[in-house]
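Here are a few notes to read alongside the structure. They go through one chain, its contact with a partner, and a couple of backbone details.

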Amino acid sequence: MDDDRKNLMPNGIETPVGEDGVDVSLIRWALTLTPLERLQALEDLTNDLLGLHDAYQKH
Amino acid sequence: MPTKSIDFQGLLAELIDAEVDFIVVGGVAAGFHGLIIATGDLDLVYSRDSQNLERLERVLLRIDGCYRMKPEVKPLASRFDGPGHHNLSTRYGKLDLLGSIVGGEGYKELIDRTEVVPLSAGRAVRVLDLPSLIRVKEQLTDEKDKYHLTLLKRLLVERMPK
């Protein structure tokens, strides 16, 4: 593959999943953010998961 | 009891304002570089310089710092002068203070492999650079670390200039 960033399906459409099995769409989105925005996103994600964990514990 | 939410920005701001010398490593460092995965704690390698340990103690006591497994033990400067790890709780969430990381490297050895990342209100933080984060992960063997290593390597490819 000339460009490791591209991973084409047989029909020529680019897939967000690389040869290593990683869906790169989240990484590409994160790279459009500033480092501070990335930190905020990471914090939000972690707090959402903590909230889900608490909700599960209640049941 | 509900799990306390985390506030990494608040915790970093406290440490920066207290002029503590440290390097962000682990999941939050990966997040700064562009790999957003949930992480329950902030991992820092701190300078073991005695004045820095005094500053660290002062801020930790102010933000209700205590050992997670032994809340009655205060995080005093005298405890931090070795290469070990200290798993603490604070009012902002979990904080893991590392005297060194795998391979025995501490603040002095790592400082040249960091990037300065701007935060809000004119603050900035030192973060271990991506190639070094990958080298650290390569030395870890648990399944979660292996998975994160794959993601970090992909991130490195994605960050290369096109």
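Which pattern does chain B follow when read along the sequence?

1. Before anything else, keep in mind that this is a predicted model. To take up the question, chain B runs α-β-α-β-α-β-β-β-α-β-β-α-α along its sequence. Put as a tally, that is six helices and seven strands in chain B.

2. On overall shape, the radius of gyration of chain B is 16 Å, and the globule rule gives 15 Å for 162 residues; the two are close, so chain B is as compact as a globular protein of that length. If you'd like a feel for its extent, the C-alpha trace of chain B spans about 50 × 40 × 35 Å along its principal axes.

3. Next, the packing. Of the 162 residues in chain B, 38% count as buried. Take the contacts in chain B between residues at least 6 apart in sequence: 54% of them join residues at least 24 apart.

4. Now for the partner chain. The contact takes 25 residues from chain B and 25 residues from chain A. On the chain B side, the elements that give two or more residues are helix H1 (8-17), helix H2 (26-33) and helix H6 (143-159). H6(B) gives the most to this side, with seven residues. As for chemistry, the chain B residues that touch chain A divide into 13 nonpolar, nine polar and three charged.

5. A backbone detail to look up: what is the phi of Glu19(B)? The value is positive, about 60 degrees, although Glu19(B) is not a glycine. For background, most residues other than glycine have a negative phi. You'll find Glu19(B) in the loop between H1 and strand E1 (22-25) of chain B. Is Glu19(B) buried or exposed? Glu19(B) has 11 C-beta neighbours inside 10 Å, and the cut-off for exposed is 12 or fewer, so Glu19(B) counts as exposed.

6. Asp64(B) is another residue to check. Its phi is near 60 degrees, again a positive value in a residue other than glycine. Where does Asp64(B) lie? Look in the loop between helix H3 (50-62) and strand E3 (66-67) of chain B. Asp64(B) counts as exposed because it has 12 C-beta neighbours inside 10 Å.

Notes: Residues numbered from 1 in each chain as written. Chains lettered and ligands numbered in written order. Predicted model: local features only at pLDDT ≥ 70, side-chain atom pairs only at ≥ 80, totals over all residues. Helix = DSSP H or I, 4+ residues; strand = E, 2+ residues; numbered from the N terminus. Rg over C-alpha atoms; globule rule 2.2 N^0.38 Å. Buried ≥ 20, exposed ≤ 12 C-beta atoms within 10 Å, placed from the backbone. Contact = placed C-beta atoms within 7 Å. Nonpolar A, V, L, I, M, F, W, Y, C, P; charged D, E, K, R; others polar.
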